[in-house]
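Here is a friendly walk through one protein model, with an eye on charged pairs, helix packing and surface character. Please keep the viewer open as you read.

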Amino acid sequence: MPNDRRAIIIDTDPSPDDAVTFLMALGSPDEIDLLAITTVGGNVPLHYTTRNALMALELVNRTDVPVYKGAEGPLMVPLETAEHVHGRTGFDGYDLPEPTATAAEGFAPEKIVELVMSRPKGTVTLACLAPLTNIALAMLLEPKLAGHLREIVLMGGARTEGGNITPAAEYNIYADPEAAWRVMNSGVPVVMIPLDCTHKALTTTPRMNALRAYPQPHIEPFYHLLIANKAYNARQDGTDGGPLHDPTVVAYILRPEIFAGRHVNVEIALQAPTRGMTVVDWRSVTGKPANALYLPDIDADAYYALVWERLAAAYRPL
């Protein structure tokens, strides 16, 4: 395989969106070297996020990928989950067998430090699909971590779309804004893919039919999982399907040209009533230096073609 493969760690709180994301990475072996999956309490509690990651890997026979359990909840406040969206387990909508594999030994923030610092500077990307607790803890454990990373690509935040957990805040940032504040002020190059982007790329009926046409055995479960998972958004917004949020992170790593945006300053609000809000200085009115590449635009058709292709390619026959 070529030497320019991107080494990544995926930090996640798996609902079906998250699982599609790391399976996409596994379906892109010429371009991505998935070092590990790290789990955190978020959409559902840590027990379920770890279980869901292991379960998804078993569907494609990829239990060789290490899964490390991380923080059960945020840095400073109790965890607020999102079962009202994702169901009790995060994988409601299709009965899958319990995983036979177990999480690897080690605490996720410590393993992030180990995996990043053991490789040359500027070679590892953190792909973040969840509250940023594990990342902030890793930075606290190793102050040099931020300067050693290539970049952080995260799904989170909102500007024009408003929030999806409060009127002001998107869930991943709201769930642990202190962690998000630390990451955004760490000096790491950050790519932020917000609701402004993901709400432009919905799981419409034609797109879901295109997914179901793939023959691999894990596709049928994912078709039903995504239909069930996106029903909440469809009811809430009156749309055909809902946004497929998290795969935008790996899609950006693979095909950045299908996204558009600009370098801006993003601040994280820490106080009510806007706690968890991403305050995006889109027009540079504050004069503060940019700390993120903020991507509100996407070629949705190209996105879904890429996601379905790589999700299907994740399957490895025994």
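## A charged network

Which residues are linked with E31 in a network of salt bridges? The other members are R255, E309 and R310. Before going further, please keep in mind that this is a predicted model.

Within that network, E31 and R255 form a salt bridge whose closest N and O atoms are 2.9 Å apart. E31 sits in the loop between α1 and β2 (32–39), while R255 sits in the loop between α12 and β7 (259–268), so this bridge ties together parts of the chain 224 residues apart in sequence. Neither end is hidden from the surface: E31 is partly exposed, with a relative accessible area of 26%, and R255 is partly exposed as well, at 27%.

## Other salt bridges

In total, the model has 15 salt bridges. One of them pairs D17 with K230, with 2.7 Å between the closest N and O atoms. D17 belongs to helix α1 and K230 to helix α11, and the two are 213 residues apart, so distant parts of the chain are linked here. Are these two residues buried or exposed? Both D17 and K230 are buried.

Another bridge joins the side chains of K200 and D297, at 2.5 Å from N to O. K200 is in the loop between α9 (195–198) and α10, and D297 is in strand β9 (residues 292–298), so parts 97 residues apart in sequence are tied together. K200 has a relative accessible area of 44% and is therefore partly exposed. D297 is partly exposed too, with 35%.

## Around D297

D297 deserves a second look. Apart from neighbours within four places in sequence, this strand β9 residue is in contact with C197, K200, I258, F259 and A260. K200 in that list is also the salt-bridge partner of D297.

For a sense of scale, try the pair D297 and A136 in your viewer. Their C-alpha atoms are 27 Å apart in space, and the residues are 161 apart in sequence.

## Helix packing

Two packed helices are described by the angle between their axes and the distance between the axes. Let us start with helix α1 (residues 16–26) and helix α12 (residues 247–254), whose axes come within 7 Å and cross at roughly 25°. That angle makes α1 roughly parallel to α12. On the α1 side, the contact is made by D17, V20, T21, M24 and A25, and on the α12 side by P247, V250, A251 and L254. D17 appears here again, having already been named as the partner of K230 in a salt bridge.

How do α10 and α11 compare, and at what angle do their axes cross? The axes come within 9 Å and cross at roughly 160°, which means that α10 is roughly antiparallel to α11. From α10, the residues M208, N209, L211 and R212 meet I219, E220, Y223, H224, L226 and I227 of α11.

## The loop between α10 and α11

The loop that joins these two helices holds both Y214 and H218. Y214 is partly exposed, with a relative accessible area of 29%, whereas H218 is buried, at 0% relative accessibility.

Which residues touch each of them? Leaving aside neighbours within four places in sequence, H218 is in contact with L23, L59, V60, L311, A312 and Y315. On the same basis, Y214 is in contact with I219, W308, E309 and A312. A312 is therefore named in the contacts of H218 and of Y214, and E309, a contact of Y214, is also part of the salt-bridge network described at the start.

Y214 and R182 give another distance to check: they are 32 residues apart in sequence and 41 Å apart in space, C-alpha to C-alpha.

## A nonpolar patch

Finally, please turn to the surface. L75, M76, V77 and L140 make a nonpolar surface patch of about 350 Å². V77 is found in the loop between β3 (67–69) and α3 (83–86). With 32% relative accessibility, V77 counts as partly exposed.

Definitions and conventions. Residues numbered from 1 in each chain as written. Predicted model: local features only at pLDDT ≥ 70, side-chain atom pairs only at ≥ 80, totals over all residues. Heavy atoms only, no water. Patch = residues over 30% accessible without salt bridge, like charges linked within 9 Å, V, L, I, M, F, W, Y side chains within 5 Å. Areas by Shrake-Rupley, 256 points an atom, 1.4 Å probe, with all protein chains shown as cover. Salt bridge = Lys/Arg side-chain N within 4 Å of Asp/Glu carboxyl O. Buried < 20%, exposed > 50% of the residue type's maximum accessible area, 1.4 Å probe, protein only. Axes fitted to C-alpha atoms, helices over the stretch in contact; angles between N-to-C directions. Parallel < 35°, antiparallel > 145°, perpendicular 65-115°, else oblique. Contact = heavy atoms within 4.5 Å.
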